[in-house]
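Hi,

Here is the structure I promised to pass along. Have a look at it first, and my notes follow underneath.

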Amino acid sequence: MGSVCAERVPGSIAGIVNSVHSVNSPVEVRASDLVGCRFRLRQRAVHPDVPPLPAALERQPQIDAARAVVFDLLPVRRAVGDGRRRAFVRRDLDPAFGTDEETLQALADGAHLITNATLRGTIDGCRVVAEIDVLVRVDGLLIGGDEVDTGPRYMPVAISNHRVAREHPQAHIDMVFTNRLGLSAPLTVNAKARHHTIDGYRLAIAELLLREHGLATGRGALIGQDRTRAYVGDITRFIPPVRAALAAPVPSEPKRLKQCASCRFWPLCHPRLEEMDDISLVLPGGGGDAWRERGYPTVQSLIDADVGEPSAVARAWRAGIPVLRRQGPITMPRADVEVDVDMEAYLDQGAYLWGAFDGATYRPFVTWSDVGGEAEEANFAAFWSWLMATRAAAHAAGQSFKAYCYAAGGENHWLKASARRFTSVDAAEVQAFIASDEWVDVFAHARRHLVGTDGLGLKVLGPVVGFEWEDDDVDGERSIVLRRAARFGDARARAMLVRYNEDDCRATRAVRDFLTAGAPGLPVL
């Protein structure tokens with residue numbers, strides 16, 4: 001194995017690149033190549049013509065839309081009070097060309113804002129490229145507490161679909177309003193940055209390439225889901241991990257990870273994994289590493305080791321059995337009145353759909369307006385009022401009540417977050433309900449009694465318990481794409497999202513009915 005930067009190491013990515021490309025078209029490392037699957041970089045070098053998957057193409061309009069919103073907010077001239085006679089130059093580059101020549105020219109010209117910038121160069125001998133959403137000119141640096149005129153330097157700004165900061169009364173962070181980038185100094189606000197590796201790597205690579213031209217500031221900014229704010233901070237702290245990632249060995253063989261299913265190179269990796277009978281086919285990611293280190297690198301070797309549950313799972317996988325049942329009785333809490341709940345959220349911005357199925361009727365509480373405002377609050381309040389009224393009616397009739405969801409992490413987060421943000425729902429009431437035995441996580445019970453050869457997600461268990469989704473190609477990621485279309489009035493997207501949510505509610509009920517019946521037909525572990 002070799003690092004991504006080793007130019008002449010046999011088996012290194014650079015060696016493979018040089019063997020399949022001319023010197024005029026080298027493969028360059030991007031920040032995304034340093035996060036997640038490292039073998040993907042090797043595949044990209046050897047198989048450059050493999051096209052992106054449709055799901056990746058569906059995500060692109062969302063990314064483009066985020067950039068369009070930010071670019072529309074960026075200033076094009078100085079405002080009243082900024083000294084209108086002083087020049088302000090904004091240079092919008094064409095991202096289709098992907099060369100750094102225009103960027104270098106804009107830097108040389110001293111432009112105050114440069115959008116769609118591209119820089120190429122080497123870091124520790126490795127060819128890299130940074131595609132920078134915005135470069136902001138900075139004319140002075142703080143040195144020893146004093147601002148020193150250093151001449152034009154540039155701060156990279158990355159646009160992210162992550163939530164890059166949250167309000168926090170005890171934390172402080174620098175921030176510039178997007179429409180004042182290049183015009184105003186940062187303000188200090190009460191917020192706490194949220195770290196996402198890919199965002200930090202993007203800024204760090206840009207910083208290192210700017211250093212090559214003597215134009216770096218050591219600072220960078222992120223514009224997240226709140227497109228109106230650019231949060232500014234020290235980006236030099238990301239440089240050591242970037243350099244370590246560049247120096248890390250590139251695997252010579254694939255290993256199955258959770259993200260393989262959405263990777264364009266999976267049709268190439270899967271046959272090789274089967275040829276090797278690699279243990280990651282059964283235990284993906286780091287799950288199989290401990291067994292590999294103990295001398296069991298293949299599925300068959302794990303089967304032959306006869307080490308209890310891992311070997312039983314490997315045997316089941318080999319036999320095409322998706323789920324096994326653990327020994328002992330199965331318990332599944334039930335009630336006289338039962339409601340299955342499923343929620344759909346848009347990124348980290350808010351929950352727009354709360355679905356509830358009472359065994360006879362499915363009720364969608366949905367808003368197609370932007371989340372984060374009055375429409376989301378009214379929708380959440382309507383759902384919560386209905387749920388609490390249903391519970392109260394059951395209690396009044398002397399009946400027991402339970403509400404169920406599958407893998408409660410998402411629902412719990414948005415129940416608590418919505419109650420915190422919106423005063424129309426009592427946060428203490430929400431917290432008390434979540435902590436009660438009337439709120440049941442079905443996944444926790446499934447995991448206690450079942451073992452899956454490919455996990456125990458709802459989409460895995462659904463077919464096992466006899467449930468089928470009407471739209472079986474919809475998942476959490478695609479729902480984000482559908483949500484964008486639904487916001488703009490796409491009736492088909494709206495219907496599909498509601499149908500998807502209803503099926504998740506019904507599937508949750510089907511799983512707990514299956515557990516209540518004792519998981520009939522499943523082989524015992």
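How do the residues of the lining of the second largest pocket divide into nonpolar, polar and charged? The split is 15 nonpolar, six polar and twelve charged. Before you read on, keep in mind that this is a predicted model.

**The pocket**

The second largest pocket has a volume of about 950 Å³. It is lined by 33 residues, and Val474, Asp475, Gly476, Glu477 and Tyr500 are the closest to its centre. Several elements supply at least two lining residues each, among them α3 (54-73), β14 (337-346) and α12 (409-421). Further along the chain, α15 (458-464), α16 (476-487) and α17 (491-516) do so too. Of these, α16 gives the most to the lining, with six residues.

**The cavities**

I also looked at enclosed space. The whole structure has two cavities of 30 Å³ or more. The second largest cavity holds about 50 Å³ of space. Ten residues line this cavity, with Asp94, Thr99, Glu102, Asn116 and Thr118 nearest its centre. Two elements, α4 (101-108) and β3 (113-123), give two or more residues to that lining. By class, the lining has three nonpolar, five polar and two charged residues.

**Salt bridges**

There are 39 salt bridges in the structure, so here are just a few for you to click through.

- Arginine 90 and aspartate 92 meet through their side chains at 3.0 Å, N to O. Arginine 90 is buried, at 19% relative accessible area, while aspartate 92 is partly exposed at 45%.
- Arginine 137 forms a salt bridge with aspartate 139, and the closest N and O atoms are 2.7 Å apart. Here arginine 137 is partly exposed at 21% relative accessible area, and aspartate 139 is partly exposed at 35%.
- Arginine 194 pairs with aspartate 348, with 2.9 Å between the closest N and O atoms. Arginine 194 sits in the loop between β9 (191-193) and α5 (197-212), and aspartate 348 in the loop between β14 and β15 (350-357), so this salt bridge ties together parts that are 154 residues apart in sequence. Arginine 194 is partly exposed, with a relative accessible area of 34%, whereas aspartate 348 is buried at 12%.

There is a network to look at as well: Arg334, Glu338, Asp340, Arg509, Arg512 and Asp513 are joined into one by salt bridges that share partners.

**Cysteines**

How many disulfides does the structure hold? The count is zero. Take cysteine 260: the closest cysteine sulfur belongs to cysteine 37 and lies 6.0 Å from its own sulfur, so the two are too far apart for a bond. The cut-off for a disulfide is 2.5 Å between the sulfur atoms. Cysteine 263 is in no disulfide either, with the nearest cysteine sulfur, that of cysteine 269, 6.3 Å away. Cysteine 260 is buried, with a relative accessible area of 12%, and cysteine 263 also counts as buried, at 18%.

That's everything from my side.

Cheers

Methods:
Residues numbered from 1 in each chain as written. Predicted model: local features only at pLDDT ≥ 70, side-chain atom pairs only at ≥ 80, totals over all residues. Heavy atoms only, no water. Buried < 20%, exposed > 50% of the residue type's maximum accessible area, 1.4 Å probe, protein only. 1 Å grid on protein atoms, 1.4 Å probe; cavity = no way out; pocket = protein on both sides within 12 Å on 5 of 7 lines; lining within 4 Å. Points joined across faces, edges and corners; volume = space filled by probe spheres on them. Helix = DSSP H or I, 4+ residues; strand = E, 2+ residues; numbered from the N terminus. Nonpolar A, V, L, I, M, F, W, Y, C, P; charged D, E, K, R; others polar. Salt bridge = Lys/Arg side-chain N within 4 Å of Asp/Glu carboxyl O.
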